[in-house]
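Colleague: I'd like a close look at one part of this model, taken slowly. Could you walk me through a single strand and its surroundings?

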Amino acid sequence: GAMRFLADEHFPLPNVRILSAAGYDDVATVASETPGISDELVLERAVGEGRVLIPFDRDYGRLLYRQDAPAPVGIVYFRIVPFSLEEPADFLLALPERSELTLLGALTVVERERTRQRPLPS
């Protein structure tokens with residue numbers, strides 16, 4: 001099955017429609033379902049539902065690596081200021097085509113010049 005995503009609150013909603021059209025039709029969105037919930041609760045949901053979390057917010061790294069919060073199956077953190085509302089989805093759709101990357105089990109940091117990864121704490 002396709003990867004299931006959880007779009008954090010600041011992930012622009014037009015991207016969710018693009019992901020759905022590309023076959024990722026199970027994208028949960030914090031903004032439309034549970035706006036304002038804490039990062040901890042967002043993480044808990046991603047863990048509980050087996051979703052890859054897609055935030056624009058760096059706080060998740062702190063929760064996982066310094067506070068031992070449970071890790072979801074993957075996190076793709078967008079450390080960019082998008083040029084357009086749709087750009088994050090374009091980035092995300094391009095990632096699985098790169099054979100050296102696996103989105104599962106990793107914190108993937110997307111920057112404009114490069115994408116880097118580190119293993120999630122188990």
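Which residue stands opposite Gly74 in E4?

Modeller: That's Val52, which stands opposite Gly74 in E4. Before going on, a word on the source: this is a predicted model, where local features need pLDDT of at least 70, side-chain atom pairs count only at pLDDT 80 or more, and totals for chains, interfaces and linings use all residues. Residues are numbered from 1 along each chain as its sequence is written, and side-chain values use heavy atoms, with hydrogens and water left out.

Strand E4 covers residues 74-78; helices (H or I, at least four residues) and strands (E, at least two) are DSSP runs, numbered from the N terminus. With 5 of its 5 residues buried, E4 is largely enclosed by the rest of the structure; buried means under 20% relative accessible area, with a 1.4 Å probe and protein chains only. Gly74, Val76 and Phe78 point one way, while Ile75 and Tyr77 point the other. That fits the general pattern: in a regular strand the side chains alternate between the two faces of the sheet.

Now the partners; two strands pair if DSSP finds at least two bridges between them. E3 runs parallel to E4, joined by 2 bridges. On the E5 (residues 106-110) side, 4 bridges make the link, again parallel, and Tyr77 stands opposite Val109 there.

As for the connections, E3, helix H4 (residues 59-65) and E4 form a right-handed β-α-β unit: with the strands pointing away from the viewer, the path from the first strand over the helix to the second runs clockwise. E4, H5 and E5, on the other hand, make a left-handed one.

Methods:
Buried means under 20% relative accessible area, exposed over 50%, partly exposed in between (1.4 Å probe, protein chains only).
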